[in-house]
Structure formats: C-alpha cells, structure tokens
Amino acid sequence: ASDKEVRTIRLPARENGEGERHVYQVRISADGRRIVGYFGARGGYAVVGQPPPKLTDKLATWDAETGGLLEMHPIEMRGGSGALSPDGHVLLAGNTLIDVRSGKKIAELLGMSDRGAFSGDGALIVGQAQRVTREKGIDTVWPDGLRVWEAATGKVVARLKTKSWIAQTAFHPDNRFVVTNDLDGIHIRDAHGGEVVAHFTMPEAVRAGTTRGSYAGCLAFTHDGRRMATGHPDSTILIWDVRVPAISVDPLSAKELEARWADLASEDAAKAWEAVARLAEAPNEALPFLRDRVKAYPTAAADETRRLLAELDDEVFARREAAAKRLKELGLRAEPALRAALQAKPSLETKRRIEAILAALREAPQPPSVEELRQLRAIIVLERIGSAEARRVLEGVAKGPESARLTRQARAALACLP
C-alpha cells in the first residue's frame with residue numbers, strides 16, 4: 001500500500017568458487033511465515049593448483065518475520081530448470097521431486113525433459129516428455145508429447161500427443177486443462193484425454209526471444225481462467241477471451257460410486273484420476289457420498305498430549321525421556337498440541353524437547369499409504385465440484401496438522417476456489 005520496502009532477505013554467503021548467483025524461484029507460504037527460495041551460481045572460478053569447486057544449486061527457507069535462514073540444502077546443479085509447488089513444500093528440479101524441508105528426493109518423473117509446471121493445487125505436474133533413439137553410436141532426442149504426473153507418487157496420469165517440441169506449458173486455473181505454447185499457437189487441452197478445447201493463433205509470426213519456439217513469449221491467466229494475457233516481442237500484450245467446457249452433470253448410481261471410490265485408491269494413477277474426473281462430473285451424487293468419507297488427518301487425544309507435554313518438564317529424567325519418545329511416536333497427530341505448547345513459552349527444557357520433536361517431523365515424508373492417496377485424490381474431487389458444501393468439507397480437512405499432506409492439499413484446494 002505504501003510502496004515502502006518491508007524486509008530484505010539476503011542470500012547466504014558464497015561458497016568457495018561460486019560466482020554471481022541467480023534466484024530462480026521464490027515462494028511465500030500462504031500464512032506468510034516462510035519464504036522458500038531456489039537459487040544457484042552463474043558459473044564459478046577455480047584456484048590454480050587446486051581441484052575445481054563443485055557448484056550446486058541451493059534450496060533455502062527463511063523466516064519471513066526476521067529474515068533469518070532456517071534451512072538450506074544443496075541440490076544437484078540444474079541451472080534453474082525447476083519449479084516450486086504452489087505451497088512451497090516441493091521442488092521440481094529437472095525431473096526429480098525434492099522435499100523442501102529435508103532436501104530429500106521424493107520421486108522421479110520418468111521421461112520428463114527440462115520443463116515442467118505444477119497445477120494450481122499442486123496435485124499434478126505437466127511437462128514435455130522425450131524419447132531417445134540411438135543409431136550408429138549417436139543418440140538423438142525426440143519430442144514425445146506431454147505427460148501429466150501425480151505429485152504425490154510421481155506416477156503418470158495421462159499422455160498427451162503434440163506435433164513437436166513445446167516452448168511453454170502450464171495448467172489452466174481450474175486444473176482440469178493444460179496449456180501449451182509453441183509455433184502452432186496456444187492450445188488448451190483436457191489434462192486427461194488430451195482433447196483440444198481451445199486454440200489461439202498468434203497474429204504475427206515473430207519469434208519470441210524468451211522461449212524456444214513460440215510467438216508468445218509468456219502467458220498468464222486471470223484467477224477465474226476467463227481471460228488470458230500473452231506477451232509478444234514487439235512489447236504488445238494481448239488479452240484473450242477463454243472459454244473451456246463446464247463440468248457435465250452426469251448421474252452416478254450407488255454401485256458406480258462405490259466402484260469409483262475404490263478406484264481412487266488404485267496404484268494405477270491414470271485409473272485413479274479417471275475416477276477423480278468422473279466423480280467431479282456427478283456432484284449431486286458424489287458430494288453426499290464423500291462428505292463423511294473425507295476426513296482431516298487424525299490428531300491425538302487432548303488428554304494424552306496434555307499429560308505428555310507436562311511430563312516433558314518432569315523432575316524425573318526417565319519420565320521426560322518416555323514422554324518425548326511417545327510424542328515422537330504420535331508424530332503428526334501430536335503436531336498441533338506441540339506447536340500450541342511452543343507458543344505458550346514453556347520452560348527451556350520443554351522448549352528444547354518440543355523443537356527436537358518438531359524437527360524430526362521435517363524429515364523426508366514417507367510415500368503415502370493407500371488410504372492417504374485415496375483421501376488426497378478425493379480432495380481434488382471436492383475442489384472441482386467447488387460448491388459451498390464442498391468448501392465446508394475442505395475447510396474441515398484444512399484444520400488438521402499443518403505438516404500433514406492432507407492438510408496441505410486441502411488448503412491448496414481452497415486457494416484455487418473463487
């Protein structure tokens with residue numbers, strides 16, 4: 001409002017051999033408490049007589065209030081070919097998904113080349129695929145259409161055909177469609193079936209200098225997805241009217257509902273996301289069905305966490321150790337109580353133990369269980385239905401432990417709703 005600088009977040013000191021650095025992407029968390037940045041060195045230097053330095057990109061998290069560095073992890077140098085998820089919890093570096101808090105690998109997106117983008121809710125990733133042929137000892141890389149991957153598992157949800165290499169790809173704001181930008185113009189495609197639902201031809205065949213093979217150098221949508229802006233090399237910005245098909249209302253029988261609910265837990269990501277799309281097409285039946293089945297990540301009983309937190313400051317060392325061990329076992333179920341206790345300014349001993357337990361929760365997440373996957377996918381169904389009642393269900397799930405995948409996915413889904 002005032003145009004005055006609020007805070008400066010400084011990059012950590014350069015490591016030996018690092019030249020000038022470039023910030024590739026920055027995300028501010030929805031609650032405004034964390035800043036996540038992905039940056040790296042633009043080249044480096046070596047000292048005569050010493051081995052050349054190993055340059056890495058960096059993934060860092062800062063406290064938004066103080067500007068203090070909370071965590072930093074080296075990432076195999078990718079030259080900035082990556083993307084941060086909308087909530088800032090996952091980095092797509094090349095074709096590898098990395099957990100921001102731990103710096104550990106989550107999954108690998110097989111077949112992806114160097115361009116990918118998250119959906120607005122962070123549940124899906126779209127990117128250019130490639131195939132390699134070898135003839136007479138020479139490898140040749142060919143475009144192989146687009147792939148849509150599930151962020152939670154790294155599995156392929158859909159394969160979409162394209163004519164050639166794509167200069168830019170992204171998701172439409174409603175997350176049901178993907179957008180491609182190349183020399184054939186801009187296409188909006190169904191993210192699962194691949195059907196083209198809209199095509200925009202650029203008015204001039206003047207190649208953009210910011211992308212490899214397109215006339216529009218960039219594009220962006222309004223939040224509701226009804227308008228698209230494209231930037232062009234002559235300094236022109238064009239505003240386009242965008243119309244995509246509405247979700248059809250096609251009833252589901254009770255038997256079909258049960259079958260689709262089972263499909264949501266499938267190891268076959270493509271089959272599971274077909275169920276997501278089908279359930280979203282039948283809101284009148286799907287919403288009452290899902291209302292009592294989609295639940296927030298469970299929290300530990302208040303009586304138990306209250307007792308354990310009190311015992312963290314017990315005079316008997318063995319009781320303090322036992323309480324800490326039990327709270328670690330409870331894991332995310334105890335997180336809300338742990339964070340509330342930390343805000344209450346406990347004794348130094350209790351504070352130290354709580355911080356150690358919370359730090360353990362930041363380790364790389366385990367692969368989601370079958371039931372957790374089903375819940376994550378059901379949240380997307382509610383997001384696509386988008387009614388007031390669907391919002392209420394999502395708001396209930398969003399009240400769970402803030403580090404739980406279900407909580408984060410529900411909050412991301414709510415952020416996508418108008």
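Two strands count as paired if DSSP finds at least two bridges between them. The exercises below use this rule and others on a predicted model.

**Exercise 1. Which hairpins does strand 11 form, and how many residues lie between the strands in each?**

Step 1. Strand 10 (residues 124-135) is joined to strand 11 by 11 bridges, and the two run antiparallel. Within this pairing, V126 stands opposite V148 in strand 11.

Step 2. The hairpin of strand 10 and strand 11 has 2 residues between the strands. K136 takes a positive phi near 55° in this hairpin.

Step 3. Strand 11 is also joined to strand 12 (residues 156-160), by 4 bridges, again in an antiparallel arrangement. Here L146 has L160 in strand 12 as its bridge partner.

Step 4. Strand 11 and strand 12 form a hairpin with 5 residues between them. In that turn, G154 has a positive phi of about 80°.

**Exercise 2. Is R147 buried or exposed, and what does R147 touch?**

Step 1. Locate the residue: R147 belongs to strand 11, which covers residues 138-150.

Step 2. Compare its area with the cut-off. A residue is buried under 20% relative accessible area. R147 has 11%, so R147 is buried.

Step 3. List the contacts. Leaving out residues up to four places away in sequence, R147 touches I125, V126, G127, A129, V156, A158 and R159.

Step 4. Look at the side chain. A polar contact of 2.7 Å links the side chain of R147 with the side chain of D144.

**Exercise 3. Where do S235 and K345 lie, and what is the sign of phi in S235 and in K345?**

Step 1. S235 sits in the loop between strand 18 (227-231) and strand 19 (237-241). K345 sits in the loop between helix 6 (335-343) and helix 7 (348-361).

Step 2. Most residues other than glycine have a negative phi. S235 has a positive phi, near 80°, and K345 has a positive phi, near 55°.

Step 3. Exposed means over 50% relative accessible area. S235 is exposed because its relative accessible area is 71%. K345, at 75%, also counts as exposed.

**Exercise 4. Why does the span of helix 10 agree with its number of residues, and how many of its residues are buried?**

Step 1. Helix 10 (residues 405-416) has 12 residues. At 1.5 Å a residue, helix 10 should span 16 Å.

Step 2. The end C-alpha atoms of helix 10 are 17 Å apart, so the span agrees with the expected value.

Step 3. Of the 12 residues in helix 10, 10 are buried, so the helix is mostly covered. Among them are R405, L406, T407 and C416.

Step 4. The cover can be traced: the buried residues of helix 10 pack against helix 8 (370-385) and helix 9 (388-397).

**Exercise 5. Why does the radius of gyration of the protein chain agree with that of a compact globule?**

Step 1. Begin with the contents of the protein chain: 10 helices and 19 strands.

Step 2. For 418 residues, a compact globule would have a radius of gyration near 22 Å; the protein chain has 24 Å, which means that the value agrees.

Step 3. Add the extents. The C-alpha trace spans about 75 × 75 × 60 Å along its principal axes.

Step 4. Add burial and contacts. Of the 418 residues, 46% count as buried. Among contacts with a separation of 6 or more, 52% come from residues 24 or more positions apart.

Step 5. Finish with the surface. The accessible surface comes to about 21700 Å², and 51% of this belongs to carbon and sulfur atoms.

Notes: Residues numbered from 1 in each chain as written. Predicted model: local features only at pLDDT ≥ 70, side-chain atom pairs only at ≥ 80, totals over all residues. Heavy atoms only, no water. Expected span 1.5 Å × (residues − 1). Buried < 20%, exposed > 50% of the residue type's maximum accessible area, 1.4 Å probe, protein only. Contact = heavy atoms within 4.5 Å. Polar contact = N/O pair within 3.5 Å; in protein donor to acceptor, adjacent residues only side chain to side chain. Rg over C-alpha atoms; globule rule 2.2 N^0.38 Å. Areas by Shrake-Rupley, 256 points an atom, 1.4 Å probe, with all protein chains shown as cover.
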